[in-house]
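This briefing looks at how aromatic rings and nonpolar side chains are arranged in a predicted model. Its topics are burial, ring pairing and core packing.

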Amino acid sequence: MSTVSAGFRLVRAGWVLVREGVVAALPGEELSGLPKFGWQLARLFTRRRALAYERSDRLAKAVVRLGPSYVKLGQFLATRPDVVGNDMALDLAMLQDKMHTFPRTEAIAAIEASLGRKVGDLYAQFGDPVAAASIAQVHAADTIHDGVATKVAVKVIRPGVRRHFFQDLESYFLAARLQEKYIPSSRRLRPVEVTETLAQTTKIEMDLRLEAAALSELGENTKDDPGFRVPSVDWERTGRDVLTMEWVDGVKMNDIAGLAAAGHDLKTIAANLVQSFLRHTLRDGFFHADMHPGNLFVEANGTIVAVDLGIAGRLGKKERRFLAEILYGFITRDYLRVAEVHFEAGYVPRQHNVAAFAQAIRAIGEPIHGQPAETISMAKLLTLLFEVTELFDMATRPELILLQKTMVVVEGVARTLDPAFNMWKTAEPVVSGWIAGNLGPRGMMLDARDGVRALLTLARQAPELAARTDRLSREIDLMAEHGLRFDQTTAHAIGKAEARHSRSGRLALWVIALTLVYIARKII
């Protein structure tokens, strides 16, 4: 029955997207056959007033009707231009995660259930909500430390949000499975894996203890950084459904007039923002992945304070080296080195030619050197780079796409503060400094140290590895002699799973078809 209910929810979502003109706004002229007929039919059912709106506005209205989980779906897909296309990804990135507040009494109940203590014992004063998003809302409160009142921000999970999200996730998985089964060309985009990633990130975001841990980690990483910090966490008053943190007094970065009126140097703030982001990415391999201006405050002394760390990105050492070397390669016009880095990292299959790949990269890099530096977008460059790598069978790298999305946002914020912002000049000290420290003699010594540690670890595991190898050798001999066999339980489970998959797929298609016929008859 869960498949049937997921089918109904999927049909409803599709109908809302049709009525609000989202489907009609897609470039359907390039389609043919049944997909083009479906697009033309969607145009007939679009609300007349929806046709007057821009595509991004249509999308926003549809998402508001569909509910909070679709806001998160849209924001997640904004990080996957390889799946939805660059234009749609930009529209999705504009979705504002602003929802209606829920009653203060429900927030109090959630806090007391999560922490096992009365709100009056936790806070000297607990106020009304000051902001609300799809997953949680924020309240202003006071705590008492050594007889002194301290203002704090209390983030509380929205009641019932997990149940609604997991119900909608069933619909997403159904759509992904149907897409893989009936649209073979979409399989390279791995829609089921994309949905699994969404499910995992949503689970993490709905456990506020993990956001608190991310704030704590980023706070430790940046404690000595000039001009950037994150709010401190009150762990005593933090649990699965509630996060208590330091209250931030400052001007939001989307309030340009307010920043100017407060006497801030907008150019300095723009440079500080970009350099901080690159420093976190390259030095720490851990960055705030939702740095839109609504999540950034500027304090009176010019320090940037980043809040709402529900989405964070991580890069391993290999990915950090990859990012630094390609950026530095474009700065120095060493396109062959940029190509070699892709091959060394294993991102481009070996059957391709390095020189041919370098030629494709040159086609991206050369045009930017004839332009004024302030007009060159690093985020646009990375977008073009990932488009070219698709021609050379580079597999999707979710961590790099999240980085690309965040860089687009950060660079966009910097340019709103300083329209003549020079991304390359600002980034060069951080990038070149990281390369000098990690790819020069010091970096070679660190790599050698890591190599010795790996050899020692391998040596310790040698007896166990030898035993495993011996067991594997005997099992292979037995398979060669008797063939591969399943036990009865395994064979029964495989048959049952296959039957259930086929039956649920057919049932979902019938539900969707009957619902569409019903809707069409109602309209006609």
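Phe126 has a relative accessibility of 6%, which is under the 20% limit, and therefore counts as buried. Tyr123 likewise counts as buried, because its relative accessibility of 3% falls under 20%.

**Aromatic pairs**

- Across the whole structure of this predicted model, a search finds five aromatic pairs.
- One of them joins Tyr123 and Phe126, whose ring centres are 5.7 Å apart and whose planes meet at 40 degrees; because that angle is neither under 30 nor over 60 degrees, the pair is classed as tilted.
- Phe277 and Phe287 also form an aromatic pair, with 5.7 Å from centre to centre and 85 degrees between the planes, an edge-to-face arrangement.
- This second pair links distant parts of the chain, since Phe277 belongs to helix α13 (residues 266-284) and Phe287, ten residues apart from it, belongs to strand β7 (residues 286-288).
- Both Phe277 and Phe287 are buried.

**A charge over a ring**

- Lys151 is placed over the face of Trp247, at 4.1 Å from the ring centre.

**Nonpolar cores**

- The largest nonpolar core comprises 79 residues, of which Met253, Leu273, Phe277, Phe330, Phe357, Ile361 and Leu417 touch the most other members.
- Leaving aside residues up to four places away in sequence, Ile361 touches Phe330, Tyr335, Val338, Ala339, His342 and Leu385.
- Another core, of 18 residues, lies apart from the largest one and includes Tyr70, Leu73, Leu77 and Ala199.
- In soluble globular proteins, nonpolar side chains tend to be buried together.

Note on methods
Residues numbered from 1 in each chain as written. Predicted model: local features only at pLDDT ≥ 70, side-chain atom pairs only at ≥ 80, totals over all residues. Heavy atoms only, no water. Phe/Tyr/Trp six-rings, centres within 6.5 Å; stacked < 30°, edge-to-face > 60°. Buried < 20%, exposed > 50% of the residue type's maximum accessible area, 1.4 Å probe, protein only. Helix = DSSP H or I, 4+ residues; strand = E, 2+ residues; numbered from the N terminus. Lys NZ or Arg CZ within 6 Å of the ring centre and 35° of its normal. Core = buried A, V, L, I, M, F, W, Y, C linked by side-chain atoms within 4.5 Å. Contact = heavy atoms within 4.5 Å.
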